[in-house]
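New to this one? Have a look at the chain and its ligand, then read on for a quick tour.

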Amino acid sequence: MIKVAVMGAGGRMGKALIQAINEDPQTVLAAGIVEPTSSLVGVDLGELAGVGKLGVMASGSVEEALEAFDVLIDFTTIETTLANAQLCAANGKQLIVGTTGLNDEQKALLAAAGEKTPIVFAPNMSVGVNLCFKLLEMAAAALGDDYDVEIVEAHHRHKVDAPSGTALGMGEAVAKALGRDLKEVAVYGREGHTGARDSKTIGFATMRVGDVVGDHTVVFGTEGERVEITHKASSRMTFAKGAVRACKWLQTKPAGLYSMQDVLNLN
Ligand SMILES: NC(=O)C1=CN([C@@H]2O[C@H](COP(=O)(O)OP(=O)(O)OC[C@H]3O[C@@H](n4cnc5c(N)ncnc54)[C@H](OP(=O)(O)O)[C@@H]3O)[C@@H](O)[C@H]2O)C=CC1
Ligand SMILES: O=C(O)C1=N[C@H](C(=O)O)C[C@H](O)C1
């Protein structure tokens with residue numbers, strides 16, 4: 001059995017992860033960490049996640065839980081994730097990171113930790129989105145420069161980063177297939193007298209509304225037609241199950257920074 005700990009156990013993804021770990025016959029919930037000042041410290045993690053008592057209580061410190069787990073799953077905040085990457089690297093623990101919004105410097109810190117311990121890092125752990133990344137590469141390569149590219153995403157009202165990590169990943173996949181650098185061609189929203197569209201740009205539009213779990217559409221448009229590739233998540237269990245799949249895949253891997261494309265053999 002793979003002993004798995006969940007960082008941010010009281011969060012939206014934390015609860016889904018507890019459920020997914022509990023449902024998988026190859027994984028066991030070894031620990032769940034909440035903020036040290038949280039009223040959830042000492043609460044049964046199964047009850048917290050709505051799956052009934054599991055007999056594992058929420059801990060206020062990842063250091064305290066260190067001996068209990070083989071792999072830590074972290075869907076939290078950038079600061080917490082980077083601190084955990086260092087901790088896992090120093091203590092030989094495997095790490096799955098779903099946290100989004102990291103800049104290049106922060107990604108480099110994760111890569112440095114990946115030199116010491118196996119890490120899977122992906123902005124979206126659902127199989128469907130990772131298949132879309134592949135479809136997008138094919139579509140961009142086939143359609144080429146004649147088609148404008150726009151990316152639209154919608155998420156729940158609590159989301160703190162924009163555009164989503166997934167939308168940025170989709171933009172990167174398309175830009176790479178078209179031989180462009182996303183940093184040079186990305187346009188994040190439009191307002192006022194913008195002038196006509198620059199054909200090389202990749203536009204992003206973001207919606208934050210209600211309880212949307214995660215919708216992404218990439219539109220390729222030219223005179224006479226549009227091609228749209230859409231993914232809609234209706235439950236966080238799709239991300240949580242992907243993270244558990246990554247845990248199992250990572251067991252036989254040496255130190256390195258891996259993606260969900262690696263896990264799903266889509267590379
Ligand atoms: N890769 C993927 O497939 C997916 C990625 N995500 C990403 O995952 C991240 C989390 O999303 P979501 O679950 O919706 O966010 P939530 O805010 O619901 O959950 C984050 C949790 O982390 C906790 N937390 C943060 N720092 C610490 C710490 N130092 N110690 C203990 N607990 C801590 C927070 O506790 P508190 O509130 O008490 O501070 C909170 O409960 C986001 O970056 C999101 O974009 C989301 C879904 C899928
Ligand atoms: O914050 C979320 O909820 C999600 N975040 C990820 C992202 O930023 O792409 C993945 C998913 O869409 C849900």
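What follows is a short walk through the domains, the cores and the ligand surroundings.

## Two domains

Keep in mind that this is a predicted model. The chain splits into two parts: domain 1 takes residues 2-121 plus 236-264, and domain 2 covers 127-233. Their C-alpha centres are 28 Å apart.

Where do the two meet? On the contact side, 8 residues of domain 1 touch 9 residues of domain 2. The elements of domain 1 that supply two or more residues to that side are helix H9 (237-250) and helix H10 (260-263). By class, domain 1's side has 5 polar, 2 nonpolar and 1 charged residues.

## Nonpolar cores

As a rule of thumb, nonpolar side chains in soluble globular proteins tend to be buried together. Here the largest nonpolar core holds 50 residues, and Leu17, Ile73 and Ala243 touch the most other members. Helix H9 gives the most to this core, with 7 residues.

Take Ile73 as an example: setting aside neighbours within four places in sequence, Ile73 is in contact with Val4, Val6, Met7, Leu17, Ile96, Ala243 and Cys247. There's also a second, separate core of 20 residues, with Phe133, Ala140, Ala175 and Val218 among them.

## Around the ligand

Which residues come nearest to ligand 1? Out of 24 around it, they are Gly8, Gly11, Met13, Phe75 and Gly98.

Helix H1 (residues 12-23) makes the largest contribution to this shell, with 3 residues. Sorted by class, the shell around ligand 1 has 14 polar, 8 nonpolar and 2 charged residues.

Notes
Residues numbered from 1 in each chain as written. Chains lettered and ligands numbered in written order. Predicted model: local features only at pLDDT ≥ 70, side-chain atom pairs only at ≥ 80, totals over all residues. Near = placed C-beta within 6 Å. Helix = DSSP H or I, 4+ residues; strand = E, 2+ residues; numbered from the N terminus. Nonpolar A, V, L, I, M, F, W, Y, C, P; charged D, E, K, R; others polar. Domains from an automatic or database assignment. Contact = placed C-beta atoms within 7 Å. Core = buried A, V, L, I, M, F, W, Y, C linked by C-beta atoms within 7 Å. Buried ≥ 20, exposed ≤ 12 C-beta atoms within 10 Å, placed from the backbone.
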